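Please open the model in your viewer and keep the selection tool at hand. The stops below are arranged so that each selection leads to the next.

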Amino acid sequence: MENESDKKIEQIIEALESPSSFTPDELKELFSDKENLKIARSILHAKEALARQNIPAPEVDREWEKFKCRHKKKSTLVIFIGLVTAACITLLFILNFTKSFNKDLKIFEASRLTQTIQQDTINGQVVICIPRGMQKQIMLPDGTTVTLNAESQLTYDYTKFGKNDRSVIIDGEGLFDVVKDSLHPFIVQSEKLSTRVLGTVFNIKNYKTEESKVTLLSGSLKVVSLHNHESLKINPGEQAVLTKDNHLRSVLTSQTNAVTSWHNGEFYFDNQTLAEILCELGRWYNVSVIFKDKTSMNDRLHFKAYRNEQLSAIVELLNYISKKPIIIVDDAIIVGK
């Protein structure tokens with residue numbers, strides 16, 4: 001029959017090997033006990049020693065040739081990290097993470113919902129929902145095409161669309177290629193903005209984690225703030241940005257491909273904050289984003305990667321250019337120690 005000591009060791013081993021099966025409060029309670037923490041560190045050290053003893057040294061030339069082959073296909077895979085080292089860092093982090101959980105700032109939450117594209121029509125209202133990690137192009141009744149980015153929703157009234165006006169509601173991000181119709185302006189409503197066009201190509205971004213932005217690629221459009229009715233007309237290559245204090249401002253965008261790169265299966269971050277970058281990754285890979293070091297949230301970075309890369313490869317690249325260490329623990333990206 002197992003005694004209490006054996007049960008305690010089994011529980012500690014399970015927490016180290018599968019922390020996701022415990023709640024943060026359970027982990028914190030388990031490792032706040034000094035004896036449990038001592039046992040955990042002993043297990044960790046034993047695992048590391050055993051791994052170092054049994055894993056052969058890598059063949060550098062062969063690994064370098066593999067790296068060059070991968071690099072030709074995937075631009076972001078630029079680091080070689082030993083599995084043992086990565087595992088040890090992760091386990092050590094779990095021990096420290098549980099002691100300071102309440103001090104961390106979670107700016108993005110992983111979703112537990114099933115991630116599938118959904119389209120429903122109820123009383124003439126068509127609602128199209130795109131989950132995290134996906135995107136989809138749709139065609140509206142007038143021939144206008146809309147590509148919806150991850151975690152986006154488009155709604156329109158099928159019974160009225162094209163008769164009196166062409167109105168849609170978007171939550172998230174979409175790239176619109178609007179068919180010209182001088183009699184029926186195309187109107188895109190979001191939570192805070194109304195965008196009115198006749199025929200044009202533009203991108204609208206309306207996530208709660210960021211400022212609302214409308215970027216014009218061709219044609220012309222008018223943007224109105226629903227908060228104070230402030231309006232702004234922009235030209236191709238310009239961007240209308242709604243600031244945190246609900247004021248519209250025009251920004252010249254030198255590289256529109258940075259705005260529409262998601263449409264081509266890429267991440268393209270040009271002088272964006274680490275918080276914005278990680279929220280974008282969280283939205284695509286459906287992981288939480290936690291800052292242990294809040295001072296690094298506004299660090300600005302430049303990098304490009306493909307959306308079909310594994311998250312681990314993206315994080316490896318970020319660690320090359322970020323001031324603070326970034327790791328993945330279960331379904332979360334963690335910044336700082």
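Begin by selecting the buried residues of α8, which are Leu311, Ala313, Ile314, Val315, Glu316, Leu317 and Leu318. Here buried denotes a relative accessible area under 20%, exposed one over 50%, and partly exposed a value in between, with a 1.4 Å probe and protein chains only. Helices (H or I, at least four residues) and strands (E, at least two) are DSSP runs, numbered from the N terminus. Extend the selection to what these residues pack against: α7, β18, β19 (326-329) and β20 (332-335). Contact, throughout this tour, means heavy atoms within 4.5 Å.

The model is a predicted one, in which local features need pLDDT of at least 70 and side-chain atom pairs count only at pLDDT 80 or more, while totals for chains, interfaces and linings use all residues. Residues are numbered from 1 along each chain as its sequence is written, and side-chain values use heavy atoms, with hydrogens and water left out.

**The whole protein**

Zoom out to the full model. The protein contains 8 helices and 20 strands. Of its 337 residues, 47% are buried. Among contacts between residues at least 6 apart in sequence, 52% join residues at least 24 apart. The protein exposes about 18,500 Å², of which carbon and sulfur atoms supply 52%; accessible areas come from the Shrake-Rupley method with a 1.4 Å probe, and for residues only the protein chains shown count as cover.

**The pair α7 and α8**

Select helix α7 (residues 274-285) together with helix α8 (residues 311-321). How do their axes cross? The two axes come within 12 Å and cross at roughly 170°. Axes are lines fitted to C-alpha atoms, for helices over the stretch in contact, and angles run from 0 to 180 degrees between N-to-C directions. The crossing makes α7 roughly antiparallel to α8, a description reserved for angles over 145 degrees.

Now display side chains at the contact: Leu278, Leu281 and Tyr285 belong to α7, and Leu311, Ile314 and Leu318 to α8. These residues divide into 6 nonpolar, no polar and no charged. In this classification Ala, Val, Leu, Ile, Met, Phe, Trp, Tyr, Cys and Pro are nonpolar, Asp, Glu, Lys and Arg are charged, and the others, Gly among them, are polar.

Keep α7 alone on screen. At 1.5 Å a residue, its 12 residues should span 16 Å, and its end C-alpha atoms are 16 Å apart, which agrees; the expected span is 1.5 Å times one less than the number of residues. Because 12 of the 12 residues of α7 are buried, the helix is largely enclosed by the rest of the structure. Glu276, Glu280 and Arg283 are among the buried residues.

**Leaving α7**

Step on to Asn286, which follows α7 and lies in the loop between α7 and β17. Asn286 is not a glycine, yet its phi is positive, about 55°. Most residues other than glycine have a negative phi. Asn286 counts as buried, at 18% relative accessibility.

Next, select Ser296, in the loop between β17 (288-291) and β18 (300-306). Ser296 is buried, with a relative accessible area of 1%. Apart from residues up to four places away in sequence, Ser296 touches Leu274, Phe291, Lys324 and Val335.

**Strand β6 and a loop**

Move to strand β6 (residues 152-157) and select Gln153. Is Gln153 buried or partly exposed? At 33% relative accessibility, Gln153 is partly exposed. Its C-alpha lies 4.5 Å from that of Cys129, 24 residues apart in sequence. Thr155, also placed in β6, is buried, with a relative accessible area of 13%. The C-alpha atoms of Thr155 and Val127 are separated by 4.6 Å, with their positions 28 residues apart along the chain.

Then select Asn123, in the loop between β2 (118-122) and β3 (125-130). Asn123 has a positive phi near 55° and is exposed, at 76% relative accessibility.

**Last stop: β9**

Finish at Thr195 in strand β9 (residues 193-197). Thr195 is buried, at 0% relative accessibility. Leaving aside neighbours within four places in sequence, its contacts include Phe186, Val188, Phe202, Ile204, Val214 and Leu221.

Terms used: Angles under 35 degrees count as roughly parallel, over 145 as roughly antiparallel, 65 to 115 as roughly perpendicular and the rest as oblique.
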